[in-house]
Amino acid sequence: MNESVSSQPIKTVTKTKVSKVWLLPIVAVLIGAAMIYNNWQNRGIDIQVTFNTAEGLVAGKTKLKNREVEIGTVNAISFSKDKKSILVDIKVEREMQDFLVSDSQFWVVRPRIGPGGVSGISTLLSGAYIQVVPGSSDKFHQDFIGLERPLISVINTLGMHVNLVSSGGKSLRIGNPVIYRGFEVGKIEAYEFDTQNRQAKYRIFIQSPYDELVTSNTAFWNAGGISIRTSTQGISVDVATLDTLIAGGIEFDVPEGVDVGTNVETGSSFRLFESRQSIAESRQYASFDYALLLEESISGLEAGAPVEYQGIRVGTVGPPILFDKLKEIANIRVEERVPVIIHIEPERLSKNSDFDLQEFQNIFEFWVRDGLTATLETANFLTGSRKISLYPSGEKQDDIETIGKYRVIPSQKSSLDNISNQVSSILAKVNNLPFDNTVEQLNATLKSAEETMTSADEVLSELQTTLNELQVTLNGVQPGSAVYQSLEKTMLKVQSTLDGIQPLVKEISNQPNSLVFGAAQGPDIQPKAPVKKGQ
């Protein structure tokens, strides 16, 4: 029985044993992996921002901030491949990844002096830093173009962006204020000059709730400088605020006499006028055209001059038709009168922009047929500028004259020109008078008068001699005789005659031309009442 048991084979099991020596490398690998993961988590995100200059930036020191909270550090500063830009590498904390979207804005905060005042004073001690403002996009981004100036309006700030186009006037800068009736409601964000169209373009931001003030009929104008206006009530002077007077600014409002209009969307475009006064003058109005054929000089009459009806502006003077264009317009070869086009703008007389232009055109044509007349008048005696005035003072006409496609309003010379022509006519007549012959005749008359005086002196001398001789003769005649008495009577008559001639001789001696023109008339003799006895 024992032999049977021992004859069966015995199975053995081999156990694999792991040495404790391998536990240490495994633990080391796990710790290393944890450290790598932790380092990766805390390493941050690398981004690159391109600037035009690296002024104030220092690698390893300059910080990236948002609302004074540090979220990153500048790692390196280098040039771009074309050496025209500065590449700034920044390491941003990984938990701040939400700041790195495609429309985020970066700029360098440093001390600045601008139209809005002094900014970045705190960086005088701490040094410049880079400011970041996250955008509204949800797309992650790592390459950005930095701004050279601080952002005026922060993204997602309530308000409205408006584009303005200017053809002239004072240049404006980023940061200049935008004003509504004396209150600052926004700023200029950006500007550029369009060299192709020769226009300055501005982008402004108007804060909420003031953006509701911008409507379809709003006008924008340059607020810098001093404006002087004259009216029937006197002279008014409009002086801008000190900030806008020095640095400039933009003001907006709905022009007087114009409907408020409808609300507009952000990004709308408007024209920037040179001044508030130029709004009415430069505004585009719906119009119809007439022509004037002026017989007088149009010196001082420029395109844009006012056209007034009874003193109320109803239109604008257009450019004169050059003579080489007459043949093209009206097939006219000879025209001595100067053709001038005027634009009648009835919208100036209406607050409602929905007026019927054709209806007013029919009314105006009736005025022309009823005797409407145009006159060229002086608008400003200091500058010599002129204007066109319309008056219903002419003759009625059944058929209106035309020149090409334009109907003609009859014209007449101004009263001042008529007076000038009359004065010129009088001067021409005076100039044609025979002054030379008249002067020669006067000289001959004066010479004859002088000869007459000489003859009169000789006659008086001879008479005096005769009297003297008579006196001698009388001395020899016995008094009382008939001869003596007759001679005495004769001498008395001669003496009386000489006494009568003496005033005439004296007058001629003092004023020889009295023989031609007569003596000066004295005051009229005033009759007096008879004096009663006892008075």
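In this predicted model, the largest nonpolar core comprises 23 residues, of which Phe364 and Ile388 touch the most other members. Several elements contribute at least two residues each to this core: strand 19 (288-294), strand 21 (312-320), strand 22 (338-344), helix 7 (357-369), strand 23 (373-378) and strand 24 (386-391). When neighbours within four places in sequence are left aside, Ile388 is in contact with Leu292, Leu301, Pro306, Val307, Glu308, Val317, Ala374, Thr375 and Leu376. A second core, separate from this one, contains 21 residues, among them Ile71, Val74, Ile130 and Val132.

A buried polar residue was examined next. Thr215 is located in the loop that runs between strand 13 (199-207) and strand 14 (219-222). Because its relative accessibility is 3%, below the 20% limit for burial, Thr215 is classed as buried. Residues up to four places away in sequence not being counted, Thr215 touches Val254, Val260, Gly261, Thr262, Asn263, Val264 and Phe270. With one of these residues, Val260, there is also a polar contact: the side chain of Thr215 reaches the backbone oxygen of Val260 at 2.4 Å.

Nonpolar residues also occur at the surface, where Trp22, Ile26 and Leu30 make a nonpolar patch of about 380 Å². Leu30 belongs to helix 2, which spans residues 23-42. The relative accessible area of Leu30 is 58%, and this residue is therefore exposed, the threshold being over 50%. Thr215, by contrast, is buried at 3% relative accessibility.

Methods:
Residues numbered from 1 in each chain as written. Predicted model: local features only at pLDDT ≥ 70, side-chain atom pairs only at ≥ 80, totals over all residues. Heavy atoms only, no water. Helix = DSSP H or I, 4+ residues; strand = E, 2+ residues; numbered from the N terminus. Buried < 20%, exposed > 50% of the residue type's maximum accessible area, 1.4 Å probe, protein only. Polar contact = N/O pair within 3.5 Å; in protein donor to acceptor, adjacent residues only side chain to side chain. Contact = heavy atoms within 4.5 Å. Patch = residues over 30% accessible without salt bridge, like charges linked within 9 Å, V, L, I, M, F, W, Y side chains within 5 Å. Areas by Shrake-Rupley, 256 points an atom, 1.4 Å probe, with all protein chains shown as cover. Salt bridge = Lys/Arg side-chain N within 4 Å of Asp/Glu carboxyl O. Core = buried A, V, L, I, M, F, W, Y, C linked by side-chain atoms within 4.5 Å.
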